[in-house]
Amino acid sequence: MFIAREKKRTNIGEYFLYMFQIEDMIRACKFDSQLIEQYILPRYPSDPATRSQIGQWYFDLAAMMIEEHIEQSGHLLTIRNKIDEVFDFHQYLLTNKKEGAYQLEFEQVCPILCELQAKQTSEQTDLMVALNAIYGIVLLKMQNKTVSAETLSAITQLSKWIGTLSLRFKEYEEGEFKLE
């Protein structure tokens, strides 16, 4: 809860990846509050009141996931809406004449995104394709699976682009960047 709030404020790309992981942890616990208490909450050393708040946050997320029918896969509506908002901001940056450096950075990842999009079974935004690819590599690394140097290079480029987009979005949300 506290980590998610901080990541959402400081680096929206990291927030998305963090929330993808939270959703998967809830799925791994089968939406069971006792399993969440047993396996997830001990990772948060805190006083009982804070741990109770964190637990309630997880329980609420689990309930929302069930209500939204994303028990097997997918993301919470609030996360999808925020991803759409950031994607809209990305689209704005691509059309803003003052954002040449951003546009050049995005052009460099376009071939990677096109290749990934071709492997998708459904149409997704460039942002969602990149987030899914990065998260997929995170999962592979957590499983100690081997990832090719070429794939790691592509993910590094995508991560750099997401980092730049996240920084620009943070500036926008803090009022340091005005839409024209």
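1. The contact between two helices is a good place to begin: Ile12, Tyr15, Phe16, Met19, Phe20 and Glu23 in α2 meet Ile79, Lys82, Ile83 and Val86 in α5. Sorted by character, the residues of this contact comprise 8 nonpolar, no polar and 2 charged. The model under discussion is a predicted one, and the remarks below should be read with that in mind.

2. As for the geometry of that pair, helix α2 covers residues 12-28 and helix α5 covers residues 77-95, and their axes come within 11 Å while crossing at roughly 160°. Because angles over 145 degrees count as roughly antiparallel, α2 is roughly antiparallel to α5. The crossing by which α2 passes α5 is left-handed.

3. Helix α2 also packs against helix α4, which spans residues 48-67, and here the two axes come within 10 Å and cross at roughly 80°. An angle of 65 to 115 degrees counts as roughly perpendicular, and α2 and α4 are therefore described as roughly perpendicular to each other.

4. On the α2 side of this second contact are Tyr18, Met19, Ile22, Glu23, Met25, Ile26 and Arg27, which meet Trp57, Tyr58, Leu61, Ala62 and Met65 of α4. The residues of the contact of α2 with α4 divide into 10 nonpolar, no polar and 2 charged. Met19 and Glu23 deserve a second look in the viewer, since they are listed among the α2 residues that meet α5 and also among those that meet α4.

5. Where does cysteine 29 lie? Cysteine 29 is found in the loop between α2 and α3, the latter being residues 33-40. With a relative accessibility of 5%, cysteine 29 counts as buried, the limit for that class being under 20%. Leaving aside residues up to four places away in sequence, cysteine 29 touches Leu35, Ile36, Tyr39 and Ile40. Lysine 145, which is 116 residues from cysteine 29 along the chain, has its C-alpha atom 23 Å from that of the cysteine.

6. Turning to charged side chains, those of opposite charge can pair when their charged atoms come close. How many salt bridges does a search of the whole structure find? The search finds 10, and three of them are described in the points that follow.

7. Lysine 82, one of the α5 residues that meet α2, forms a salt bridge with glutamate 85, in which the closest N and O atoms are 3.3 Å apart. Both residues belong to helix α5 and lie 3 residues apart, about one turn of the helix. Lysine 82 has a relative accessibility of 12% and counts as buried, whereas glutamate 85, at 35%, counts as partly exposed. The pair also has a wider setting, in that Lys82, Glu85 and Glu173 are linked in a network of salt bridges.

8. A further salt bridge joins glutamate 14 to lysine 7, with the closest N and O atoms 3.2 Å apart. Glutamate 14 has a relative accessibility of 39% and counts as partly exposed, and lysine 7, at 22%, is likewise classed as partly exposed.

9. Lysine 170 and glutamate 174 bring their side chains together in another salt bridge, at 3.5 Å from N to O. Lysine 170 counts as partly exposed at 25% relative accessibility, and glutamate 174 counts as partly exposed at 38%.

Terms used: Residues are numbered from 1 along each chain as its sequence is written. This is a predicted model: local features need pLDDT of at least 70, side-chain atom pairs count only at pLDDT 80 or more; totals for chains, interfaces and linings use all residues. Side-chain values use heavy atoms; hydrogens and water are left out. Axes are lines fitted to C-alpha atoms, for helices over the stretch in contact, and angles run from 0 to 180 degrees between N-to-C directions. Helices (H or I, at least four residues) and strands (E, at least two) are DSSP runs, numbered from the N terminus. Angles under 35 degrees count as roughly parallel, over 145 as roughly antiparallel, 65 to 115 as roughly perpendicular and the rest as oblique. A crossing is left-handed if the near helix is turned anticlockwise from the far one by less than a right angle, and right-handed if clockwise. Contact means heavy atoms within 4.5 Å. Ala, Val, Leu, Ile, Met, Phe, Trp, Tyr, Cys and Pro count as nonpolar, Asp, Glu, Lys and Arg as charged, and the others, Gly among them, as polar. A salt bridge is a side-chain nitrogen of Lys or Arg within 4 Å of a carboxyl oxygen of Asp or Glu. Buried means under 20% relative accessible area, exposed over 50%, partly exposed in between (1.4 Å probe, protein chains only).
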